[in-house]
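I opened this model to look up a few points on strands, helices and the contact between chains. My notes follow in the order in which I checked them.

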Amino acid sequence: MAHDTTQHHGSATKRIWIVFAILSVVTIVEVILGIIKPEFLTDTNFLGMRLLNWIFIILTIYKAYYIAWAFMHLEHESKGLRRAIVWTSIFLVSYLIFILLTEGGYIYDIYKGGHVAWDF
Amino acid sequence: MEATVVRTGTEGKTWGGGNEPLKASYGKMMMWFFILSDALTFSGFLAAYGFSRFKFIDSWPIADEVFNHFPFLHGVDAPMYYVALMTFILIFSSVTMVLAVDAGHHMKKGKVTIYMFLTIIGGLIFVGSQAWEWKNFISGEYGAVKTAGGNILQFVDAEGERVALSEIAVPIEGVRVEHDANNGIWFDSGEELPTYSLEEIKAGFIQNEDLLIRTQTLTEDGQKTILSRDESLLKLNTEAIGTVEGANLTENEYGAPLFADFFFFITGFHGFHVFSGVIINIIIFFNVIIGTYDRRGSYEMVEKVGLYWHFVDLVWVFVFTFFYLV
């Protein structure tokens, strides 16, 4: 049951430790940023969100990429399987996020500006 | 091939399972599709969390203030240190898992055993840490007062430091006593008495001139609004209806009850995944020890359970970002 796609040439341990180092460094950076919260990052808004939050989200996706590609061996799978997994999730999740966050923002506006009493 | 499979005489042929679409074995591909659907479930939860947060964008609790405990550091404000540690534990158990898979590719039974064992230990430590985090969240720290509109009022002193209910309350002999089963023939259950009644808090608040009320509303800088002394007194006397300690599914001393609901639901669902992952890992671990995969000539089962384990780690990376960082 051995497959060419999963069989490594030599040992992959070196790559594993490199990926572990990358994930650790990124996590440490995230935690440090989360604790000190630099003012120029929290005060700057970019596309409706704080720059700091954009950084967190981009770093998270960067980490997710390494976990999926290196740890879950997506880089050794066939292109078809990889695309079936990655594009399906990216497409559906982006749609879900877009629709729910837009709706959440709209309800916030209604609560705030509409003539609806909800806090008695 | 596995010895337990019923032979049909078509093995290896296209319609006998010999054709492997996408060059992945049946089990591995199905594990991937399960992971994909599970990823969509978690996305649904996290997006729903985002929805509720956007709905209450100007009054959502600040995660740094909620999760600031660290074992053996009592009273020390340690925002995120503990979750960061948990994240490391999970990432590291992912590393040992992938090392086990790698050792499996080289048919090294001893190494697979050791790495699987380390992975299980890491998973157990993580689940234990999560339980500790839940315990802190459920028991709460300072306590607060809730209003008729479902808002939370917290107390701070002149320096803006949080003050606990226990420091404010002036003991008043209560009229109500807790109703116990031995006092009534048709006893069902009674509402539990809070540790500190609203009257005790009000009395203590009036006595101590330094105390101010902090509302949930966020200012422009992302800090919670602190009312003046007069506003605080007015608010407490007109709107407060009871005290809240800790968090559960209906009230939450840190702010919106929805925050607690989502916390319990999402981290609980993730914790359940970690727990089931540990169980599956243990089963595979014993199979490795008794040499099942050695005889089968392939450690692909380790690889499949590894996929699940990495997925759990992957989800945590996102939960960590959206619950604790953003």
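I began with a cross-strand pair: Arg214(B) stands opposite Ile226(B), which belongs to strand 4 of chain B. I keep in mind throughout that this is a predicted model.

**Entry 1, the strands of chain B.** I looked up how strand 4 of chain B, residues 224-226, is held, and found 2 bridges to strand 3 of chain B, with the two running antiparallel. Strand 3 and strand 4 of chain B make a hairpin with 5 residues between them. In that turn, Gly222(B) has a positive phi of about 80 degrees. I then turned to strand 2 of chain B, residues 152-156, which is joined to strand 3 of chain B by 3 bridges, again antiparallel. Here Arg214(B) is the bridge partner of Gln154(B). As for cover, 5 of the 7 residues in strand 3 of chain B (residues 212-218) are buried, and I noted the strand as mostly covered.

**Entry 2, Ile226(B).** Is Ile226(B) buried or exposed? I noted it as partly exposed, because its relative accessibility is 39%, which lies between the 20% and 50% cut-offs. Leaving out neighbours within four places in sequence, I listed the contacts of Ile226(B) as Val156(B), Gly160(B), Leu212(B), Ile213(B) and Arg214(B). I also took one long distance: the C-alpha atoms of Ile226(B) and Gly110(B) are separated by 61 Å, with the two positions 116 residues apart along the chain.

**Entry 3, helix 8 and the UniProt record.** I checked helix 8 of chain B, residues 257-289, end to end. Its 33 residues reach 47 Å from the first C-alpha to the last, close to the 48 Å expected. After helix 8 of chain B comes Gly291(B), with a positive phi near 85 degrees. I then consulted the UniProt entry, which is unreviewed; under "transmembrane region" it lists several spans of chain B, including residues 31-51 and 262-286. In the model, residues 262-286 of chain B are 100% helix, with end C-alpha atoms 36 Å apart. Residues 31-51 of chain B are also 100% helix, and their end C-alpha atoms lie 30 Å apart.

**Entry 4, chain A against chain B.** How many residues of each chain are in contact? I noted 57 of chain A and 61 of chain B. The area buried between the two chains is about 5,200 Å², with 76% of it from carbon and sulfur atoms. The count of salt bridges between them is 2. I looked up one between Glu77(A) and Lys28(B), with N to O at 3.2 Å.

Technical notes: Residues numbered from 1 in each chain as written. Chains lettered and ligands numbered in written order. Predicted model: local features only at pLDDT ≥ 70, side-chain atom pairs only at ≥ 80, totals over all residues. Heavy atoms only, no water. Helix = DSSP H or I, 4+ residues; strand = E, 2+ residues; numbered from the N terminus. Expected span 1.5 Å × (residues − 1). Buried < 20%, exposed > 50% of the residue type's maximum accessible area, 1.4 Å probe, protein only. Pairing = 2+ DSSP bridges. UniProt positions renumbered as here; feature names shortened; annotations may be inferred. Contact = heavy atoms within 4.5 Å. Buried area = accessible area lost by both parts, 1.4 Å probe. Salt bridge = Lys/Arg side-chain N within 4 Å of Asp/Glu carboxyl O.
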